[in-house]
Amino acid sequence: ACGNNSTEKAIVGTWVYGNDIVVFEEDGSCVAPFTYNSSWMESANRYTLTEDEKLVLSSRDGHAGGSYERVETEEEALESRHNYYLSGDILIIDRDTYTKSK
């Protein structure tokens with residue numbers, strides 16, 4: 001990940017939605033099952049936050065990932081799979097609402 005911005009600090013942690021668990025580590029590694037590419041049996045395992053707070057996910061072999069634009073409202077995040085929303089204990093990404101695990 002890049003820099004020490006507030007989004008970077010806020011996104012670090014374990015997020016839960018039903019049986020799905022997403023993890024963002026401080027070192028830029030992640031577990032992001034919503035990026036799973038069945039053709040390559042691969043999910044993203046790295047993330048970067050750009051200066052404009054775009055979340056970019058990638059995998060070691062380059063077959064899984066995606067990029068997500070940060071939006072200001074939950075509604076905007078739920079409208080598009082290409083957006084994400086982060087506020088407190090709520091992360092909406094790929095149209096799913098995750099809650100930060102304590």
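Before I show you anything, one term: a strand here is a DSSP run of E that is at least two residues long, and strands are numbered from the N terminus. With that in hand, I can start at a small spot, Ser 29, which lies in strand S3. And please keep in mind throughout that this is a predicted model.

So, what does Ser 29 do with its side chain? It makes a polar contact of 2.6 Å with the side chain of Asp 27. If we set aside the neighbours within four places in sequence, Ser 29 is also in contact with Val 23, Phe 24, Asn 45, Arg 46 and Tyr 47. Hold on to three of those names, Phe 24, Asn 45 and Tyr 47, as I'll come back to each.

Let's take Asn 45 now. You'll find Asn 45 in strand S4. Which backbone atom does its side chain reach? The backbone nitrogen of Arg 60, at 3.3 Å. Beyond four places in sequence, Asn 45 touches Ser 29, as we just heard, along with Gly 28, Cys 30, Ser 58, Ser 59 and Arg 60.

Let me zoom out for a moment. The protein chain has two helices and nine strands. If you walk along the sequence, the order is α-β-β-β-β-β-β-α-β-β-β. The radius of gyration is 12 Å, close to the 13 Å that the globule rule gives for 102 residues, so the chain is as compact as a globular protein of that length. Along the principal axes, the C-alpha atoms fill a box of roughly 35 × 30 × 25 Å. Of the 102 residues, 37% count as buried. The accessible surface comes to about 5,900 Å², and carbon and sulfur atoms account for 45% of that. One more on the overall fold: among contacts between residues at least 6 apart in sequence, 30% join residues at least 24 apart.

Now to the inside. The largest nonpolar core has 19 residues, and Phe 24, Leu 55 and Leu 57 have the most contacts inside it. Where do its residues come from? The elements giving two or more residues are strands S2, S3, S4, S5, S7 and S8. Leu 55 is a nice one to click on: not counting residues up to four places away, Leu 55 touches Ile 11, Phe 24, Tyr 47, Thr 48, Leu 49, Gly 66, Ser 67, Tyr 68, Tyr 84 and Ile 93.

You'll have noticed the rings in that list, so on to those. How many aromatic pairs are there? The count comes to four. In one of them, Phe 24 and Tyr 47 have ring centres 5.0 Å apart and planes at 80 degrees, and since over 60 counts as edge-to-face, that is what we call this pair. Phe 24 sits in strand S2 and Tyr 47 in strand S4, so the pair ties together parts that are 23 residues apart in sequence. Buried or exposed? The cut-off for buried is under 20% relative accessible area. Phe 24, at 1%, counts as buried, and Tyr 47, at 2%, counts as buried too.

Another pair is Phe 34 with Tyr 98: their centres are 6.5 Å apart and their planes are at 50 degrees, so this pair is tilted. Phe 34 lies in strand S3 and Tyr 98 in strand S9, so here the parts tied together are 64 residues apart in sequence. Both Phe 34 and Tyr 98 are buried. And to finish, ring pairs link these two with Tyr 17 and Tyr 68 into a cluster.

Terms used
Residues numbered from 1 in each chain as written. Predicted model: local features only at pLDDT ≥ 70, side-chain atom pairs only at ≥ 80, totals over all residues. Heavy atoms only, no water. Core = buried A, V, L, I, M, F, W, Y, C linked by side-chain atoms within 4.5 Å. Buried < 20%, exposed > 50% of the residue type's maximum accessible area, 1.4 Å probe, protein only. Helix = DSSP H or I, 4+ residues; strand = E, 2+ residues; numbered from the N terminus. Contact = heavy atoms within 4.5 Å. Phe/Tyr/Trp six-rings, centres within 6.5 Å; stacked < 30°, edge-to-face > 60°. Polar contact = N/O pair within 3.5 Å; in protein donor to acceptor, adjacent residues only side chain to side chain. Rg over C-alpha atoms; globule rule 2.2 N^0.38 Å. Areas by Shrake-Rupley, 256 points an atom, 1.4 Å probe, with all protein chains shown as cover.
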